[in-house]
Amino acid sequence: MTDQKMKKHKPKTKAQRWVKEILILTLILTVFSITIDAWRSREMPSANMPALLMSTLEGDLVDIKKMSHDKPVLIYFWATWCPVCNFVSPSVNWLSKSHQVISVAITSGDDKRLGQFMAYKEYNFKVINDQSASIGKVWGVAVTPTIVIVKNGEISSITTGFTTPMGMWLRLYFS
């Protein structure tokens with residue numbers, strides 16, 4: 001190569017290569033995550049939600065469809081025995097302070113045991129106890145945790161597995 005050609009073709013700096021590699025990795029992980037979510041939630045309803053008119057541990061009657069006409073509702077399917085839920089539940093608890101959150105605890109014991117667990121963890125979100133997983137089955141939940149966003153009586157978003165607080169907030173914001 002001549003000196004003139006070498007001057008025109010400057011090698012990339014180390015920082016430029018790192019940025020490019022991080023962007024490629026982020027793109028690959030995003031596509032992978034979306035694919036996994038689609039596969040895990042394939043049995044779940046896509047638009048019309050199943051009825052969910054139940055009582056919480058505190059005895060409050062919950063009508064998700066009606067609630068979702070005011071503001072979006074985050075439905076959090078989880079379990080006390082789920083290791084990933086131990087990371088997601090604190091974020092759901094934080095989000096419940098400013099958004100409508102209803103959780104469904106799947107096969108997590110009787111009401112007393114679940115209430116003790118909620119108190120021990122200092123969780124304040126509303127919880128419906130699904131002792132036999134019947135609600136989870138009707139909704140097609142195959143993985144805990146599963147988060148469903150309902151807006152105006154229709155499902156607008158479903159995600160499964162680990163979710164960040166920002167991811168949940170963005171799903172609520174853009175629903």
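Helices here are DSSP runs of H or I with at least four residues, strands are runs of E with at least two, and both are numbered from the N terminus. What I am showing is a predicted model, in which local features need pLDDT of at least 70 and side-chain atom pairs count only at pLDDT 80 or more, whereas totals for chains, interfaces and linings use all residues. Residues are numbered from 1 along each chain as its sequence is written, and side-chain values use heavy atoms, with hydrogens and water left out.

Let me begin with helix α7, residues 165–173, whose buried residues (under 20% relative accessible area, with a 1.4 Å probe and protein chains only) are G167, M168 and L172. These residues lie on the same side of α7, because they cover an arc of only 135° around the axis, the arc being that of the directions from the helix axis to the C-beta atoms. On the face turned away from that buried side we find M166 and Y173, which are exposed, that is, over 50%.

What covers the buried residues of α7, taking contact as heavy atoms within 4.5 Å, includes β3 (73–78), α4 (85–95) and β6 (146–151). In α4, in turn, the buried residues are C85, V88, S89, S91, V92, N93 and L95, and they pack against β3, β4 (100–106), β6 and α7.

Finally, the loops. P145 sits in the loop between α6 (134–139) and β6, and the peptide bond leading to P145 from T144 is cis, with omega near -5°. In the loop between β6 and β7 (154–160) lies N152, a residue other than glycine whose phi is nevertheless positive, near 55°.
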